[in-house]
Amino acid sequence: MRYNDILSAHNFNDAYAYGDRSVGPRQNFFLRRIRLIFSGDISDHLYLYLQPDFASSPSGTFSNTPSSVVSGVPYYGYYNYQVGTYNLNAGNFAQLRDAYADISVDEKKEFRFRVGQSKIPYGFTNLQSSQNRLTLDRPDGLNTCCKDERDLGVFFYYTPEHMRHLFRDLVKNNLKGSGDYGMFAFGVYNGQGANRVELNKGVHLVSRFTYPYVFENGQVVEASIQGYTGRFVPATTAIIPSLGMATNWAGYRPNQYPWNASPFTGAVVPFVNAPGYNSPNNFNTTYYPTPASGVWNPSCVNGCTGVKDERVAVTGIIYPQPFGVFAEWNWGRGPVLDPYQLVVKDGKLNGGYILVTYKYDDKEFGLGTFFPYVQWQQYRGGAKTEVNAPYNRVNEIEAGIEWQPLPEVEFTAAYSHMNRTNLALAPYRQWQGDLLRMQLQWNY
């Protein structure tokens, strides 16, 4: 259970975080994850795993930002969102998280195929369970790769027997491990994200290689490289674009088309993967007819194959024994709304994080285990799984402490200075704020 308090903000009503829907101007307590796991070995070669989440919020059912703007009055060059309409939003739906079978080729289970909906082997932070992760949310730079970190596909994992024990012990010994997702992994999956319908005939390919090394003093370090490629079909909806004014404090909307002298008062559905498009002054009227009735609905071209979606990431881990460092960075191209907010095309992206922590076991007073930590993260690129794939700018620092008074109970308190984009409402303005965030977690 979480509680967030916005201590200060540049624009209070724009408060938003990609990884946590409870961040907003009108939130108190919030259930983040309520999950039950059903798993077991059916035979020496077949293992089943099923995990539903009873505190899920499917797309379109929950938002704490205005669903529409009532007072669209220019305010120092920006639109004022102080007054807006809010939907009667619902949460805590039951939704599938994992449903897969591990089919082992050999008795030692060194070679296995994972078939079904499961985590995509890309990025350490994405594979690390929320039960083991220090920060309340995964960094945008890595997490924007995959909706809910999962998808439907077939994944091959190879892990030597001694490595399987090491991966298990890194979790069992409370060292914030990721679990066994193979020393080498290769997968084929849909690419649209967990619990989402596939929208093109193509598939995504992913591969990962990681190697943990144990020094003579017992210190464990791990290095990884991973990448994926495919084409992603973004969802779009009608918006009033900023038409070239999507700057760091986007919001100003001129009342004319750059290519048309008539006043512009309607909305535009951003076009996906427009051929030959560079700017509104280079607008291909073959694919972009003049807006009619205030809403522009372009048709899909090129067989609706989607937009190029590919990344590569590197990982370096020093496990907390007691000092620890977790660092990842990735680069690539993916769907992103252009600066004029008219077209979704492939664009460059990069981002990652550095987290420093210290593991302290209080043996004198028996108060449990403490993990103070500091994390810095940055991301520049599209948020492909959000409607219209808006450009996401993130620069955030977080300092906190995780306290485990009991193995099955932990409390986390964190201060976050956020500078990030509101991805929920066009024209996708930037906001800055200081948050106090708390979470009580119980696990089994």
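Which residue forms a salt bridge with D102, and how far apart are the closest N and O atoms? I started my notebook with that. The model I am reading is predicted.

**Entry 1: D102 and its partner**

I looked up D102 and found a salt bridge with R112. The closest N and O atoms of the two are 3.5 Å apart. I then checked where each residue sits. D102 lies in strand 9, which covers residues 93-104. R112 lies in strand 10, residues 111-119. The two are ten residues apart, and the pair links distant parts of the chain.

Next I asked whether D102 is buried or exposed. D102 has a relative accessible area of 6%, so I noted it as buried. R112 has 4%, so R112 is buried too. The cut-off I used for buried is under 20%.

**Entry 2: Other salt bridges**

How many salt bridges does a search of the whole structure find? I got 22.

One of them joins R150 and E149, with the closest N and O atoms 3.4 Å apart. I checked burial again. R150 has a relative accessibility of 4% and counts as buried. E149 has a relative accessible area of 8%, and I wrote it down as buried.

I then looked up D361. D361 forms a salt bridge with K359, and here the closest N and O atoms are 2.8 Å apart. K359 is buried, at 14%. D361 counts as partly exposed because its relative accessibility is 32%, and partly exposed means between 20% and 50%.

Which residues do salt bridges with shared partners join into one network? I listed D102, R112, R114, R164 and D180. My opening pair, D102 and R112, is part of that list.

I added one general reminder. Side chains of opposite charge can pair when their charged atoms come close.

**Entry 3: E402**

I moved on to E402. Where is E402 found? I located it in strand 25, residues 391-406. Its relative accessible area is 0%, so E402 is buried.

I looked for polar contacts of the E402 side chain. One, of 2.7 Å, joins it to the side chain of K176. Another reaches the side chain of Q404, also listed at 2.7 Å.

Last, I asked which residues E402 is in contact with, leaving aside its neighbours within four places in sequence. I noted R133, L134, K176, T369, F370, F371, E410, F411 and T412. K176 is on this list, and K176 is also a polar contact partner of E402.

Conventions
Residues numbered from 1 in each chain as written. Predicted model: local features only at pLDDT ≥ 70, side-chain atom pairs only at ≥ 80, totals over all residues. Heavy atoms only, no water. Helix = DSSP H or I, 4+ residues; strand = E, 2+ residues; numbered from the N terminus. Buried < 20%, exposed > 50% of the residue type's maximum accessible area, 1.4 Å probe, protein only. Polar contact = N/O pair within 3.5 Å; in protein donor to acceptor, adjacent residues only side chain to side chain. Contact = heavy atoms within 4.5 Å. Salt bridge = Lys/Arg side-chain N within 4 Å of Asp/Glu carboxyl O.
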